[in-house]
Amino acid sequence: MKEEKTILALIGTKRKKSTYKILQMFEDELKKYNFTMKYAFLHKIAFCAGCERCLYEGIESCPYYEDIEEIIKKISKADVLFLATPVYCDAVSGIMKNFIDRLVYFMHRPWLFNKRSFLIATTKYSGGKETLGYLDNVVRRWGCFPMGKIIVRMALFEKNSNQVTKEIEKLSKKIYNDVLNNKKPKPGLYELTYFRIMRVMVSFAKEYLPLDYMHWKESNWLESDFYCDANISKSKNLLAKFVEKRVQKAIDKG
Ligand SMILES: Cc1cc2nc3c(=O)[nH]c(=O)nc-3n(C[C@H](O)[C@H](O)[C@H](O)COP(=O)(O)O)c2cc1C
């Protein structure tokens with residue numbers, strides 16, 4: 001790739017141990033493809049106050065706007081987002097969860113369609129699938145569809161790191177190809193239906209959540225089939241349309 005691309009690694013631990021180590025392995029590999037990795041440790045971000053002002057008044061009204069503004073600026077400058085978390089009790093770490101909570105308005109008003117994401121979980125052994133299942137849902141709702149994911153079981157890594165090294169080489173090549181070819185996302189039935197149900201809800205709640213409604217209107221999502229240019233299956237789209245009509249009908253009935 002001629003042009004340098006930036007990856008922002010959003011890290012859900014303050015330790016420079018396993019998760020960081022795996023990120024560094026990706027950094028070394030991705031350098032070969034002209035990617036630069038930048039690191040954002042998320043533990044210094046204040047706890048979400050739970051006021052929902054970001055939803056009702058806008059993110060600038062968040063009582064801790066300064067710390068999240070800095071991260072949002074970094075996110076907007078990056079080409080690719082890596083979300084990396086240790087598994088804590090079969091889920092993302094509290095640090096990662098708080099970061100996601102602080103950005104709850106991203107889920108209502110997705111905007112990261114010009115970026116792709118990649119997900120990493122490190123675990124002693126268990127809970128990786130559940131953790132990345134959750135993160136996968138989050139990034140899709142933000143708009144930056146995942147190009148891939150990796151679960152590293154440190155109990156096995158310690159005995160045989162070669163397998164992980166090979167997987168990282170393979171995945172780095174995939175990331176390079178996906179970014180180079182600017183591959184369109186391919187939403188499944190769940191995502192197409194989710195988009196349409198969100199649209200019904202956003203219109204229904206336009207008086208309570210006017211910022212959401214404006215975002216959707218200005219993005220032309222009140223008429224479109226999906227948030228962005230995507231590879232959409234005709235049959236899945238038809239099915240999603242059908243579900244939207246049924247939900248709209250139920251809401252109109254009251
Ligand atoms: C609070 C806590 C909960 C954990 N829960 C799990 C778990 O459910 N399953 C598991 O296999 N490992 C679990 N672990 C181990 C970590 O996921 C694992 O050591 C991880 O690689 C640590 O990443 P780090 O070194 O980047 O902090 C837990 C560790 C902590 C501190």
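**Briefing: overall build, two domains and a ligand shell**

Because a compact globule of 254 residues would have a radius of gyration near 18 Å, the 19 Å found for this chain agrees with that expectation. The model is a predicted one, and the values below were computed from it. Along the principal axes, the C-alpha atoms of the chain fill a box of roughly 60 × 45 × 40 Å.

**Fold of the chain**
- The secondary structure of the chain comprises 11 helices and 5 strands.
- Of the 254 residues in the chain, 29% are buried.
- When contacts between residues at least 6 apart in sequence are considered, 79% of them join residues that are at least 24 apart.

**Two domains**
- The domain assignment divides the chain into domain 1, covering residues 5-180, and domain 2, covering residues 189-253, and the centres of these two domains, taken over C-alpha atoms, are separated by 27 Å.
- Where the domains meet, 8 residues of domain 1 are in contact with 7 residues of domain 2.
- The side of domain 1 that touches domain 2 consists, by class, of 3 nonpolar, 3 polar and 2 charged residues.

**Around the ligand**
- The ligand is surrounded by 18 residues, of which Lys-17, Ser-18, Thr-19, Pro-86 and Lys-124 come nearest.
- By class, the residues of this shell divide into 7 nonpolar, 7 polar and 4 charged.
- Helix 1 (18-31) and strand 4 (116-123) each supply at least two residues of the shell, and helix 1 gives the most, with 3 residues.

Note on methods. Residues are numbered from 1 along each chain as its sequence is written. This is a predicted model: local features need pLDDT of at least 70, side-chain atom pairs count only at pLDDT 80 or more; totals for chains, interfaces and linings use all residues. Domain bounds come from an automatic or database domain assignment. Two residues are in contact if their C-beta atoms, placed from the backbone, lie within 7 Å. Ala, Val, Leu, Ile, Met, Phe, Trp, Tyr, Cys and Pro count as nonpolar, Asp, Glu, Lys and Arg as charged, and the others, Gly among them, as polar. A residue is near a molecule or strand if its C-beta atom, placed from the backbone, lies within 6 Å of it. Helices (H or I, at least four residues) and strands (E, at least two) are DSSP runs, numbered from the N terminus. The radius of gyration is taken over C-alpha atoms; the globule rule is 2.2 Å times the number of residues to the power 0.38. A residue is buried if 20 or more other C-beta atoms lie within 10 Å of its own, exposed if 12 or fewer, and partly exposed in between; C-beta atoms are placed from the backbone.
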